[in-house]
Amino acid sequence: MHSLQFTAESSSNGVVEHDFTVGGVPGVLWSPASGAADRAPLVLMAHGGGNHKKHPAMAGRARLLVAGCGFHVAVVDAPGHGDRPRTAHDEAEIAELFRARAAGEPEGPIVVRYNDHLAQLAVPEYRMLLDALQELPEIGSDGPVGFWGINMGTAIGIPFVAAEPRVTAAVFGQHWPDVLAEKAKRISIPIEFDLQWDDEHISREEGLALFDAFASKEKSLHVNAGAHKELPRFEADSAVRFFARHLGRALAPQA
């Protein structure tokens, strides 16, 4: 059993940010300033490709969840990202991606292959992270757990959620079905799924195929016009409402 090793702490606007490592993996935990006075649900997040645990998308979503619902929110750097060193395999895959992009070739096959490799490394790390977080008194082992990951976060999140019965609701989106559809068939919890209708990398048919693969009786497809990087910010607000419903917390008035 690996425990969290807290390395730094800061606070602003009612949100406490704790840097930590767990099993040598760096991460961050955002929590309400009230601390352990009242147990609250946990949402795990995974960042997108080329980003890191404190990317503005991660910090922004976390603050919406903490301020809006009083949740605890945690994310770790994926292998080869953020404060983690790149391997020779990472460097080779990234170079191949840049080569394909410069040549105008499809990026999907490279991203799918590389993200699948990273997911195989990251899923055990997320299970380790969840074990460690549930040792904290303000989270505990009996509370609901959500997962939120888009793009590469979906590539990590679907196999993680498929293998992890403690997760009770999840938000995914914007990835290819190639290696994920079979794993999605093992997921039956409530799902919210984001898809960009004009995505230049992931076709509508591919996005719909991944959504369709989930075995969930309750799943919502959120489709917006726009390219791959144009997911509307209001979808983050929708995700917060989704987690509030399924993890059993009322939204704060300002949310």
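## Exercises on helix crossings, salt bridges and a surface patch

In this structure, the axes of helix 3 (residues 108-133) and helix 4 (residues 152-163) approach within 8 Å and cross at roughly 55°. The model is a predicted one.

**Exercise 1.** Classify the orientation of helix 3 and helix 4, and state the handedness of their crossing.

*Solution.* Two packed helices are described by the angle between their axes and the distance between the axes. For helix 3 and helix 4 the crossing angle is roughly 55°. Angles under 35 degrees count as roughly parallel, and 65 to 115 as roughly perpendicular. Helix 3 and helix 4 are therefore oblique to each other. Their crossing is right-handed.

**Exercise 2.** Carry out the corresponding analysis for helix 1 (residues 56-69) and helix 7 (residues 234-247).

*Solution.* Begin with the axes, which come within 10 Å and cross at roughly 45°. By the limits of 35 and 65 degrees, helix 1 and helix 7 are therefore oblique to each other. As to handedness, helix 1 passes helix 7 in a right-handed crossing.

**Exercise 3.** Determine whether the partners of the salt bridge between Arg 99 and Glu 105 are buried, partly exposed or exposed, and treat the bridge between Asp 198 and Arg 204 likewise.

*Solution.* Side chains of opposite charge can pair when their charged atoms come close. The side chains of Arg 99 and Glu 105 meet with an N to O distance of 2.7 Å. Buried means under 20% relative accessible area and exposed means over 50%. Arg 99 has 38%, so this residue is partly exposed; Glu 105 has 35% and is therefore partly exposed.

Asp 198 and Arg 204 form a salt bridge whose closest N and O atoms are 3.4 Å apart. With 38% relative accessibility, Asp 198 is partly exposed, and Arg 204, with 34%, is partly exposed. Elsewhere, Arg 127, Asp 131, Glu 164 and Arg 166 are joined into one network by salt bridges that share partners. The count of salt bridges comes to 16.

**Exercise 4.** Identify the residues of the nonpolar surface patch that includes Val 223, and explain why Val 223 qualifies by its accessibility.

*Solution.* The patch is made by Trp 197, Leu 208, Leu 221 and Val 223, and covers about 280 Å². Val 223 lies in strand 9 (residues 219-224). Patch residues need over 30% relative accessible area. Val 223 has a relative accessible area of 36%, so this residue satisfies the cut-off and counts as partly exposed.

Notes
Residues numbered from 1 in each chain as written. Predicted model: local features only at pLDDT ≥ 70, side-chain atom pairs only at ≥ 80, totals over all residues. Heavy atoms only, no water. Patch = residues over 30% accessible without salt bridge, like charges linked within 9 Å, V, L, I, M, F, W, Y side chains within 5 Å. Areas by Shrake-Rupley, 256 points an atom, 1.4 Å probe, with all protein chains shown as cover. Salt bridge = Lys/Arg side-chain N within 4 Å of Asp/Glu carboxyl O. Helix = DSSP H or I, 4+ residues; strand = E, 2+ residues; numbered from the N terminus. Buried < 20%, exposed > 50% of the residue type's maximum accessible area, 1.4 Å probe, protein only. Axes fitted to C-alpha atoms, helices over the stretch in contact; angles between N-to-C directions. Parallel < 35°, antiparallel > 145°, perpendicular 65-115°, else oblique. Left-handed = near helix turned anticlockwise from the far one by under 90°.
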